[in-house]
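User: Please give me one close look at how the interior of this model is packed. I would like the cut-off behind each term stated where the term comes up.

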Amino acid sequence: HAGLGKGHRANPAASLRIETVFAVPVLLSGLASLVLTPKEEKILGQHHKVHLQRLLKLHQATPEPLVFFLAGCLPIQAQLHLMMFAKFGQLCRLRDGDNILARHALHVLSCGSFNSKSWFWKLRTLCLQYGLPHPISLLS
C-alpha cells in the first residue's frame with residue numbers, strides 16, 4: 001500500500017530504510033519470546049529474502065547472501081537471535097532480589113535434561129552456535 005513494490009518505480013534505498021524501520025520490527029514483534037521450529041524460521045527467512053529481492057528489484061535467482069549484502073541487513077534468523085539475546089540481557093540486568101525468571105533460568109540451564117521447547121535451552125544452543133559464554137555465567 002505504500003507504493004514500494006517492484007512495479008511502482010520506488011527508490012530501493014528508501015524502500016530498504018522503511019523496511020528496516022517499520023516492517024522488520026512488526027514482523028518480529030513478539031517472536032523473540034517464542035521457541036520457533038527450524039521449519040518456521042526457514043519460512044520467515046524465505047519470506048524476508050523474497051521481500052528484499054522485490055524491494056531491490058533483483059532477479060528471483062539471486063543468491064541469498066548477495067541479497068542480504070546488497071540490502072545491508074542480516075538474515076531474519078540472525079535478527080531474531082539478536083532480539084533473543086537482548087531479552088536475555090534484560091533478564092540478566094534485573095536487580096530484583098526475588099527474580100523468578102532468573103531462578104527459573106538457572107534451574108532449567110543447570111539441570112542435565114534437554115528440553116527442545118524451552119526458551120532457555122534455545123538460548124543455550126544459540127550461545128554454543130555463536131561461541132558465546134554459557135548463559136549461566138551471563139546470569140551471574
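Analyst: Leu94 is partly exposed, because its relative accessibility is 45%, where the scale calls residues buried under 20% relative accessible area, exposed over 50% and partly exposed in between, with a 1.4 Å probe and protein chains only. The structure is a predicted model, in which local features need pLDDT of at least 70 and side-chain atom pairs count only at pLDDT 80 or more, while totals for chains, interfaces and linings use all residues. Residues are numbered from 1 along each chain as its sequence is written, and side-chain values use heavy atoms, with hydrogens and water left out.

Leu94 belongs to the loop that joins α4 (76-93) to α5 (100-110), the helices being DSSP runs of H or I with at least four residues (strands, E, need at least two), numbered from the N terminus. Between the C-alpha atoms of Leu94 and Leu58 the separation is 45 Å, for 36 residues along the chain.

The interior can be described from its cores, a nonpolar core being a set of buried Ala, Val, Leu, Ile, Met, Phe, Trp, Tyr and Cys residues joined through side-chain atoms within 4.5 Å. The largest of these has 24 residues, and Phe88 and Phe120 have the most contacts inside it. At least two residues of this core come from each of α1, α4, α5 and α6 (119-130), and α4 gives the most, with seven. Leaving aside residues up to four places away in sequence, Phe88 touches Trp119, Phe120, Leu123, Pro135, Leu138 and Leu139, where contact means heavy atoms within 4.5 Å. There is also a second, separate core of eight residues, with Leu52, Leu56, Leu58 and Cys73 among them.

Phe88 also takes part in the pairing of α4 with α6, in which Ala78, His81, Met84, Phe85, Lys87, Phe88 and Leu91 of α4 meet Trp119, Phe120, Lys122, Leu123, Leu126, Cys127, Gln129 and Tyr130 of α6. By class, this contact has 11 nonpolar, two polar and two charged residues, with Ala, Val, Leu, Ile, Met, Phe, Trp, Tyr, Cys and Pro counted as nonpolar, Asp, Glu, Lys and Arg as charged, and the others, Gly among them, as polar. The two axes come within 11 Å and cross at roughly 115°, the axes being lines fitted to C-alpha atoms, for helices over the stretch in contact, and the angles running from 0 to 180 degrees between N-to-C directions. The crossing of α4 and α6 is left-handed, which is the case when the near helix is turned anticlockwise from the far one by less than a right angle, whereas a clockwise turn is right-handed.

Turning to α1, its axis comes within 11 Å of that of α4, and the two cross at roughly 70°. The pair α1 and α4 is therefore roughly perpendicular, on a scale where 65 to 115 degrees is roughly perpendicular, under 35 roughly parallel, over 145 roughly antiparallel and the rest oblique. This crossing is right-handed, and it brings Val24, Leu27 and Leu28 of α1 against Ile76, Gln79, Leu80 and Met83 of α4. The residues of that contact are six nonpolar, one polar and no charged.

With α2 (residues 38-56), by contrast, α1 (residues 12-28) packs at an angle of about 155°, their axes being 10 Å apart, and that makes α1 roughly antiparallel to α2. Here Pro12, Ser15, Leu16, Glu19, Val24 and Leu27 of α1 make the contact with Leu44, His47, His48, His51, Leu52, Leu55 and Leu56 of α2, which comprises eight nonpolar, four polar and one charged residues.

Two residues of this contact can be followed further. Leu16, in helix α1, counts as buried because its relative accessibility is 12%, and beyond residues up to four places away in sequence it touches Leu52, Leu56, Leu70 and Ala71. His48, in helix α2, is buried at 1% relative accessibility, and, with the same sequence neighbours left out, touches Glu19, Val24, Phe68, Cys73, Leu74, Ile76 and Gln79.

At other places on the chain the accessibility is higher than these cut-offs for burial. Pro38, found in helix α2, is exposed with a relative accessible area of 67%, and Lys57, in the loop between α2 and α3 (64-71), is partly exposed at 35%. Lys57 also has a phi near 60°, a positive value in a residue other than glycine.
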